[in-house]
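Morning, everyone. I have one structure to go through today, and I will take it in three parts. Please have the sequence and the model open.

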Amino acid sequence: MPTVKRLSGREILDSRGRPTVLATCELEGGITASASVPSGASTGRAEAFELRDGNAKRYRGLGCRRAAANIGAELQGALVGREFDQTGLDQTMIALDGTLAKSRIGANAILAVSVAFARACALSRRVPLYQYFADMMGSSPSTIPRLTINLFSGGKHAGQQVSVQDVLIIPMSAQTVDEALVAAFDVYQAAAELILSKYGMRLLTADEGGLAPPCRTAEEMLGLAVEAIERAGYSPGKDVFLGIDVASTHFYENHKYRLDAEVLDSAEMIQTISRWLDRYPIVSVEDGLAEDDWENWPLLRRTIAGRALTLGDDLLCTNPVRIQRAVEGNACDALLLKVNQIGTLAEALEAYRQARAAGWSITLSVRSGETEDNWAADLAVGWQADQFKNGSIRQSERLAKYNRLLEIEEVTGWPLAAWPRRG
Ligand code: 2PG
Ligand code: MG
């Protein structure tokens, strides 16, 4: 097993221009690797804790110097000279931190070390990072996850002009990453032209590189997506489908959903989503209900089963305890897996296994604040996620991952995964 020789941390900036953490891990024998971690904006309450400096005079309190320093001081002190496998390293850091949310050392510091160590181990074994991740879970990859690509943004990612956070396109007839990206390009260009002709709006992008048309309702945005698919020469509901991240936690207050101009209770919200499914080719519904609206999730799942995945993001927070509750209550049939919601690779793998054991589908997702690091692409392939959610095809922090998938595709020749059975 590899021995940790040196660890160091650095504060860097993410794609929103906010500080985040990069860790560098040197193993005995001289191999060195670095990794950086992302950060969300529409976060769930149960997410692991990002340690930030809180100094209002610097980056409005968002600085990550303390988290970075914890890598070079406490983590280095505790881990140096010791041999680990991935799970051993992660568990040692969890125990050292000693808090439920990793708030003492910081989940951002811990995850950066977890991934930098993984990358260094892959290098020392002379295997691609996706192979290291596959070995970690004992899988033999043979496909690349199907891409779900952000077309339009609203909600917290685009200044709330419309309540729903993401409309994604899912190129379903594409057999390869290359074909999926071509379709995404075509639809994106068509959508940009439509937005210019309908709203006179020039091309401006939201946090994940998607377009942010000044729609007033979710249906207007969904209709625009269908029009863009047609205008690009594809058949909606045949070549290209839609996914939505409703992110409804962020417009849920006093047991009501403030969806655009409407105020809906949970049953009405479910009916509204069901109507969207009748009218638009939607096959995945993320966070259709809020993270605290546990009791109504089973009805949502039953109502849309067979038509679309019931995908839990804020509800589950990649947290094994919450996933267990959702499995027992039949609240979802799909997990949105974001490693930094839980804070280590080992725990994310536990979450993954739980979801798989329940027969759920898995979408591996990056965050709205990302860096140029591309480890999430290797993780999605190595762990054989069904889908990969990586934002739009604009902005280098997104392309770092898409371009890595192109490289993996070229080397392996693996096709895109089939869409999972819905029901
Ligand atoms: C989400 C993610 C990615 P954030 O809600 O699924 O789109 O956003 O990283 O802001 O939580
Ligand atoms: Mg989400």
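Let me start with a single pair of residues: E253 has K256, in β8, as its bridge partner. Keep in mind that this is a predicted model. The strands around that pair are β7 and β8, the latter covering residues 256-259, and they run antiparallel with two bridges between them. As a general point, strands in a sheet pair through backbone hydrogen bonds, and the pairing is either parallel or antiparallel.

Now the whole sheet. It is open, has three strands, and the order is β7-β8-β9, paired antiparallel. Which strands stand at the edges? They are β7 (252-253) and β9 (262-264); each has a single partner strand, so one side of each has no neighbour in the sheet.

Next, the metal. The magnesium ion, ligand 2, has three protein donors, D245 (OD), E286 (OE) and D313 (OD), at 2.0 to 2.2 Å. Along the chain their spacing reads D-x40-E-x26-D. E286 sits in strand β10 (residues 282-286), while D313 is in the loop between β11 (309-312) and α9 (320-328), so this pair ties together parts 27 residues apart in sequence. Are these two, E286 and D313, buried or exposed? Both are buried.

Last, the largest pocket. Its space is about 260 Å³. It is lined by 14 residues, and those closest to the centre are L100, K102, N319, I342 and E347. By type, the lining has eight nonpolar, three polar and three charged residues. Where does this pocket lie? Domain 1 (4-126) and domain 2 (146-412) both contribute lining residues, so the pocket lies between them.

Key. Residues are numbered from 1 along each chain as its sequence is written. Chains are lettered from A and ligands numbered from 1 in the order in which they are written. This is a predicted model: local features need pLDDT of at least 70, side-chain atom pairs count only at pLDDT 80 or more; totals for chains, interfaces and linings use all residues. Side-chain values use heavy atoms; hydrogens and water are left out. Donors are N, O and S atoms within 2.8 Å of the metal (3.2 Å for Na, K and Ca); water is not among the atoms, so sites may look incomplete. Helices (H or I, at least four residues) and strands (E, at least two) are DSSP runs, numbered from the N terminus. Buried means under 20% relative accessible area, exposed over 50%, partly exposed in between (1.4 Å probe, protein chains only). Two strands pair if DSSP finds at least two bridges between them. On a 1 Å grid over the protein atoms alone, a cavity is a set of points where a 1.4 Å probe fits but cannot get out, and a pocket is an open set with protein on both sides within 12 Å along at least five of seven lines; lining residues have an atom within 4 Å of a point. Grid points are joined across faces, edges and corners, and a volume is the space filled by probe spheres set on the points. Ala, Val, Leu, Ile, Met, Phe, Trp, Tyr, Cys and Pro count as nonpolar, Asp, Glu, Lys and Arg as charged, and the others, Gly among them, as polar. Domain bounds come from an automatic or database domain assignment.
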